[in-house]
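Thank you for asking me to look over this model with you. Please keep the sequence and the 3D view open while you read, and check each point against them.

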Amino acid sequence: MSDSELEEIKRYILSIPKFDLKVAKAAFDAIDFTLDTKRTGFTDMKELTKTEKSIIGIKFERYLVLEAKLADGDDLDCSHKGIDFDIKFTALKNPQWYIPPECYRIDGICLLTKVKDANEVSYGLLRTTADNLTKGMNRDKKLSVSKHGKSKIDWLGSAKRNQVTPFWKRIFI
């Protein structure tokens with residue numbers, strides 16, 4: 001089965017110059033911002049609370065939108081040629097993304113991003129159809145990507161932390 005909208009978003013993402021590095025920069029800046037090592041002494045995401053970890057995802061989305069100059073969507077995070085798509089981030093050892101109702105109710109497209117051991121970030125696309133999501137929802141009515149869904153993610157690229165300059169070096173040095 002062809003999914004022309006998903007293919008269009010894929011072409012768009014892959015056409016953005018150095019998108020791998022933009023994703024890495026946004027991810028590691030969001031992590032470093034939230035760790036706030038100078039004030040907290042935290043050096044590992046394991047030291048963060050659940051709320052602080054959710055802040056990483058919020059900051060990542062905003063940083064990526066700005067860094068890659070992605071257009072805001074009408075119903076989801078971003079849009080390209082009238083096709084909305086959502087941005088989701090996880091740094092969990094067993095990657096899990098939580099998809100909001102406004103995305104799964106329309107079988108939306110998600111740009112899924114995962115950080116592996118705080119040194120590498122990967123990203124891919126997934127259509128949030130019922131067969132790609134779990135049946136049970138959390139208290140925010142979000143569904144998670146199922147095992148089947150994880151096998152359907154079209155991984156597009158990755159980058160390592162050492163490929164990008166940390167934000168504090170860009171600001172202070």
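The numbered points below deal with a predicted model, and they go through ring pairs, charges over rings, a helix pair and a sheet.

1. I would begin with the aromatic rings, since a search of the whole structure finds three aromatic pairs. One of them is formed by Phe-19 and Tyr-123, which meet edge-to-face, with 5.2 Å from centre to centre and 80 degrees between the planes. This pair links distant parts of the chain, for Phe-19 belongs to helix 2 (residues 19–35) and Tyr-123 to strand 6 (residues 120–127), 104 residues apart. Both Phe-19 and Tyr-123 are buried.

2. Please look next at Phe-60 and Phe-89, whose ring centres are 5.0 Å apart and whose planes stand at 35 degrees, so this pair counts as tilted. The reasoning rests on two cut-offs, because planes under 30 degrees apart would be stacked and planes over 60 would be edge-to-face. Here too distant parts of the chain are linked, with Phe-60 in helix 4 (residues 50–68) and Phe-89 in strand 3 (residues 83–90), 29 residues apart. Phe-60 and Phe-89 are both buried.

3. Where do the charged ends of Lys-59 and Lys-114 sit? The charged end of Lys-59 sits over the ring of Phe-33, 4.6 Å from the ring centre, while that of Lys-114 sits over the ring of Trp-155, 4.7 Å from the centre.

4. A pair of packed helices is described by the angle between the axes and the distance between them. For helix 2 and helix 4, the angle is about 145 degrees and the axes are 8 Å apart, and the crossing of these helices is right-handed. Several residues from the earlier points return in this contact: helix 2 contributes residues including Phe-19 and Phe-33, and helix 4 contributes residues including Lys-59 and Phe-60.

5. Finally, three strands form an open sheet in the order 4-8-7, with antiparallel pairing. Its edge strands are strand 4 (98–99) and strand 7 (133–137), each of which pairs on one side only. If you follow strand 7 to strand 8 (residues 143–145), you will find that the two run antiparallel and are joined by two bridges. Leu-133 has Val-145 in strand 8 as its bridge partner.

Conventions
Residues are numbered from 1 along each chain as its sequence is written. This is a predicted model: local features need pLDDT of at least 70, side-chain atom pairs count only at pLDDT 80 or more; totals for chains, interfaces and linings use all residues. Side-chain values use heavy atoms; hydrogens and water are left out. Rings of Phe, Tyr and Trp (its six-membered ring) pair if their centres lie within 6.5 Å; planes under 30 degrees apart count as stacked, over 60 as edge-to-face and the rest as tilted. Helices (H or I, at least four residues) and strands (E, at least two) are DSSP runs, numbered from the N terminus. Buried means under 20% relative accessible area, exposed over 50%, partly exposed in between (1.4 Å probe, protein chains only). A charge sits over a ring if NZ of Lys or CZ of Arg is within 6 Å of the ring centre and within 35 degrees of the ring normal. Two strands pair if DSSP finds at least two bridges between them. Axes are lines fitted to C-alpha atoms, for helices over the stretch in contact, and angles run from 0 to 180 degrees between N-to-C directions. A crossing is left-handed if the near helix is turned anticlockwise from the far one by less than a right angle, and right-handed if clockwise. Contact means heavy atoms within 4.5 Å.
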